[in-house]
Amino acid sequence: MLETILKEMRAGFDSMNERFTGVETRMSAVERQLRIIENQLFNMDIRLDRLDAITSKAHSEVMFLRADFKEFRAQFNEAA
C-alpha cells in the first residue's frame with residue numbers, strides 16, 4: 001500500500017517536473033522575443049533621433065531661405 005502511494009507520488013512529481021520544464025522553455029522563448037523587440041525599439045529610437053536631426057536641419061534651411069527672401073524683397077522694394 002505504501003509502495004503504491006510512493007509510486008503515485010513519484011509519478012505526480014515527474015509529471016509536475018515535465019510541466020515545469022515546459023513552462024521554463026516557454027518562458028525562455030518569451031524572454032528571447034522580448035530581447036529582440038527591445039533591440040528593435042532601440043534601433044527605432046536611433047532612427048527617430050536621426051529623423052529629428054534631419055527635420056531640424058530642414059527647418060533651419062527653410063528659415064535661412066525665408067530670411068534671404070525678406071532681404072531680397074526689401075532690396076526689390078527699395079529699387080522700385
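## Exercises on a one-helix chain

Met 9 sits in helix H1, which covers residues 2-79. Keep in mind that this is a predicted model.

**Exercise 1.** Work out whether Met 9 counts as buried, partly exposed or exposed.

*Solution.* Start with the relative accessibility of Met 9, which is 44%. Next, recall the cut-offs: buried means under 20%, and exposed means over 50%. Met 9 therefore counts as partly exposed.

**Exercise 2.** Find the nonpolar surface patch that includes Met 9, and give its accessible area.

*Solution.* Go along the chain and pick up Met 1, Leu 2, Ile 5 and Leu 6, among others. Then add Met 9, Phe 13, Met 16 and Phe 20 to complete the patch. Together these residues have about 900 Å² of accessible area.

**Exercise 3.** Decide whether the chain is a compact globule or more spread out.

*Solution.* First, take stock of the secondary structure: 1 helix and 0 strands. Now compare radii: the globule rule gives 12 Å for 80 residues, but the radius of gyration is 34 Å, well over that, so the chain is more spread out than a compact globule. As for dimensions, the C-alpha trace spans about 115 × 10 × 10 Å along its principal axes.

**Exercise 4.** Describe how much of the chain is buried and what its exposed area is made of.

*Solution.* Of the 80 residues, 0% count as buried. The chain exposes about 8,000 Å², with 62% of that supplied by carbon and sulfur atoms.

Key
Residues are numbered from 1 along each chain as its sequence is written. This is a predicted model: local features need pLDDT of at least 70, side-chain atom pairs count only at pLDDT 80 or more; totals for chains, interfaces and linings use all residues. Side-chain values use heavy atoms; hydrogens and water are left out. Patches are made of residues with over 30% relative accessible area and no salt bridge: like charges are joined within 9 Å, nonpolar side chains (Val, Leu, Ile, Met, Phe, Trp, Tyr) within 5 Å. Accessible areas come from the Shrake-Rupley method with a 1.4 Å probe; for residues, only the protein chains shown count as cover. A salt bridge is a side-chain nitrogen of Lys or Arg within 4 Å of a carboxyl oxygen of Asp or Glu. Helices (H or I, at least four residues) and strands (E, at least two) are DSSP runs, numbered from the N terminus. Buried means under 20% relative accessible area, exposed over 50%, partly exposed in between (1.4 Å probe, protein chains only). The radius of gyration is taken over C-alpha atoms; the globule rule is 2.2 Å times the number of residues to the power 0.38.
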